[in-house]
Amino acid sequence: VRALCLVDSGATNSICKQSLIDEINVRNAILLETQTTAYEIDGITGASIKSVNQIPLNLTLGKQKLAHVFLVVGEELKLEYQIILGLDFMKKNYYF
């Protein structure tokens, strides 16, 4: 499934919209519980957004195949992007 991604060096964590997870039909996968009860994500739209789940996803960027764990957010995130690749992704994959 193709997804519209934003590479955001100002984002600490990488996030994925729940609608993308539904679209690629990973409902049979286990949503991993985060270490704390919830992550609170600030600064994306000026409002606080909560994430209570995270999920590992495999991405293909160009010819590279990469795996990463994303925080899952609902549709309260009003952006046209389905994935935001943050600093955690860039550091893990040597982009930063």
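These legends accompany four close-up views of a predicted model.

**View 1. Ser14 and its polar partners.** Let us start with S14, which sits in the loop between β1 (5-7) and β2 (15-17). Is S14 buried or exposed? With a relative accessible area of 1%, S14 is buried. Its side chain has polar company all the same: a polar atom of the S14 side chain lies 2.8 Å from the backbone nitrogen of G86, and the side chain of D88 makes a polar contact with that of S14 at 2.7 Å. Both G86 and D88 also appear among the residues that S14 touches, once those up to four places away in sequence are set aside. The others on that list are H68, F70, L71, I84, L85 and F89.

**View 2. The largest nonpolar core and another one apart from it.** Which residues make up the largest nonpolar core? There are 12 of them: C16, L20, I21, I55, L57, L59, L66, F70, V72, I83, L85 and F89. At least two residues of this core come from each of α1 (18-23), β6 (53-61), β7 (64-73) and β8 (83-85). Another core, of eight residues, lies apart from it and includes A11, I41, I49 and L71. In soluble globular proteins, nonpolar side chains tend to be buried together. For anyone coming from the first view, F70, L85 and F89 of the largest core are also among the residues touched by S14, and so is L71, which belongs to the other core.

**View 3. Gln82 in its loop.** Here the focus moves to Q82, found in the loop between β7 and β8. Q82 has a relative accessible area of 18% and counts as buried, because the cut-off for buried is under 20%. What is Q82 in contact with, leaving aside its neighbours within four places in sequence? The list reads R2, A3, L4, I15, C16, K17, L20 and E23. Two of these, C16 and L20, are members of the largest nonpolar core.

**View 4. Two cysteines without a disulfide.** How many disulfides does a search of the whole structure find? The count is zero. For C5, the nearest cysteine sulfur is that of C16, 8.8 Å away, and for C16 it is that of C5. Neither pairing qualifies, because a disulfide needs cysteine sulfur atoms within 2.5 Å. The surroundings of the two residues can be read from their accessibility: C5 is partly exposed at 28%, whereas C16 is buried, with a relative accessible area of 1%. C16 is also the cysteine listed in the largest nonpolar core.

Key
Residues are numbered from 1 along each chain as its sequence is written. This is a predicted model: local features need pLDDT of at least 70, side-chain atom pairs count only at pLDDT 80 or more; totals for chains, interfaces and linings use all residues. Side-chain values use heavy atoms; hydrogens and water are left out. Helices (H or I, at least four residues) and strands (E, at least two) are DSSP runs, numbered from the N terminus. Buried means under 20% relative accessible area, exposed over 50%, partly exposed in between (1.4 Å probe, protein chains only). A polar contact is a pair of N or O atoms within 3.5 Å; within protein, one must be able to donate a hydrogen and the other to accept it, and residues adjacent in sequence count only if both atoms are side-chain atoms. Contact means heavy atoms within 4.5 Å. A nonpolar core is a set of buried Ala, Val, Leu, Ile, Met, Phe, Trp, Tyr and Cys residues joined through side-chain atoms within 4.5 Å.
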